[in-house]
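Grab a pencil and open the structure viewer. The exercises below walk through a fold piece by piece, each with a worked solution.

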Amino acid sequence: MEERYPFLVMRVLTGAVIAAATLLPVGAFVADPAASRVEFFVRDNRGGFAGVVRAMEVRVAVREDGDAFAADVEARFDAASLTTGNGLRDSQMRREFLQTDRHPVILFHGTAVPQARPGGLPFPATLRGTLTLRGVSREVEIPLRVTALADAYLAEGRLTIRLSEFGIPVPRFLIFVAEDPVAVSFKIRLVRR
């Protein structure tokens, strides 16, 4: 009997851990700006430059969808808050390429679904939706890595945006000529609203 006891305890604990991992927190969540980051990288003929988005508002509603889960995502990014650490380049980017006076907000709305029923952490998911940049909307698909915490989420992802698909000319600045694709990566911490 003593030999079976540790096995039984281990089995019960394993079952409890698996059950807990599949019980995702549902409800309304918002991005914690202090713990969230959106970065971008533009290659150019001199190596490239990186930047960050400073102001964002992300709202997510996680819901059960039959025997699975889904998350409806709405995000707004202040286009004028994109910075690269070079004031002259930032001014040109806002004025000529993003036209932030006419298009002050970059928008995204879509739905994220786990690629399989979450059984461990982190788990893969796919975010599909519409990205609107400089007044042009395009469908995008973003692979995610999601970690569910007791009352929060951490979502990480990467996507490539082709500027030409959004009507943005390829940036040129003095001797620098950028490439069309821009790599965007993000890590968003979502907390209960």
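## Exercise 1: a hairpin and its neighbour

β8 and β9 are antiparallel partners, joined over 11 bridges. Bear in mind as you work that this is a predicted model.

**Task.** Work out how β8 (123-133) is flanked, and what sits in the turn that leads to β9.

**Solution.**

Step 1. Begin with the β9 side: L127 stands opposite I142 in β9, so use that pair to line up the two strands in your viewer.

Step 2. Now look for another partner of β8. β7 pairs with β8 too, in the antiparallel sense, over eight bridges. Here F108 is the residue opposite L131 in β8.

Step 3. Check how covered the strand is. Nine of the 11 residues of β8 are buried, which leaves the strand mostly covered.

Step 4. Go to the turn. β8 and β9 make a hairpin with two residues between them, and R134 in that turn has a positive phi of about 55 degrees. Most residues other than glycine have a negative phi. R134 is worth a second look for another reason: is it buried or exposed? Its relative accessibility is 16%, and buried means under 20%, so R134 counts as buried.

Step 5. Finish further along β9 (residues 136-148), which is where T147 sits. T147 has a relative accessible area of 18%, so it is buried as well. Beyond its neighbours within four places in sequence, T147 contacts P122, A152, Y153 and L154.

## Exercise 2: the two sides of a helix

**Task.** Decide which residues of helix α2 (residues 87-97) are buried, and whether they share a side or are spread around the axis.

**Solution.**

Step 1. List the buried ones: R89, D90, Q92, M93 and F97.

Step 2. Ask how they are arranged. They cover an arc of only 165 degrees around the axis, so they lie on the same side of α2.

Step 3. Turn the helix around. L88 and R95, on the other side of α2, are exposed.

Step 4. Find the cover. The buried residues of α2 are covered by elements including β2 (37-44), β3, β6 (82-83) and β11 (172-173).

Step 5. Inspect both ends. At the N-terminal end, N86 acts as a cap, with a side-chain oxygen 3.1 Å from the backbone nitrogen of L88. After the helix comes Q99, whose phi is positive, near 50 degrees. Q99 belongs to the loop between α2 and β7 (105-114), and at 18% relative accessibility Q99 counts as buried.

## Exercise 3: a valine in β3

**Task.** β3 is part of the cover over α2. Take V53, which has its place in β3 (residues 49-53), and describe its surroundings.

**Solution.**

Step 1. Check accessibility first. V53 comes out at 12%, so it counts as buried.

Step 2. List the contacts. Leaving out neighbours within four places in sequence, V53 touches V38, F77, S81 and L82.

Step 3. Compare sequence and space. V53 and A80 are 27 residues apart along the chain, and their C-alpha atoms are separated by 8.6 Å.

## Exercise 4: one strand between two partners, and the core

**Task.** Find the pairing partners of β1 (residues 27-31), then see which residues have the most contacts in the largest nonpolar core.

**Solution.**

Step 1. β1 and β4 (residues 56-65) pair in the antiparallel sense over four bridges. V30 faces R59 in β4.

Step 2. β1 also pairs with β12 (residues 176-192), again antiparallel, over three bridges. On that strand, V191 is the bridge partner of V30. V30 therefore gives you one residue from which to find both neighbouring strands, because β4 and β12 each pair with β1.

Step 3. Move on to the core. The largest nonpolar core has 47 residues, and those with the most contacts inside it are V38, F40, V60, L144, Y153 and L190. β12 gives the most to this core, with six residues.

Step 4. Zoom in on V60. Residues up to four places away in sequence aside, V60 touches G27, A28, F29, A71, D72, V73 and L190. L190, like V60, is on the list of residues with the most contacts inside the core.

Methods: Residues numbered from 1 in each chain as written. Predicted model: local features only at pLDDT ≥ 70, side-chain atom pairs only at ≥ 80, totals over all residues. Heavy atoms only, no water. Buried < 20%, exposed > 50% of the residue type's maximum accessible area, 1.4 Å probe, protein only. Contact = heavy atoms within 4.5 Å. Arc of directions from axis to C-beta. Polar contact = N/O pair within 3.5 Å; in protein donor to acceptor, adjacent residues only side chain to side chain. Core = buried A, V, L, I, M, F, W, Y, C linked by side-chain atoms within 4.5 Å.
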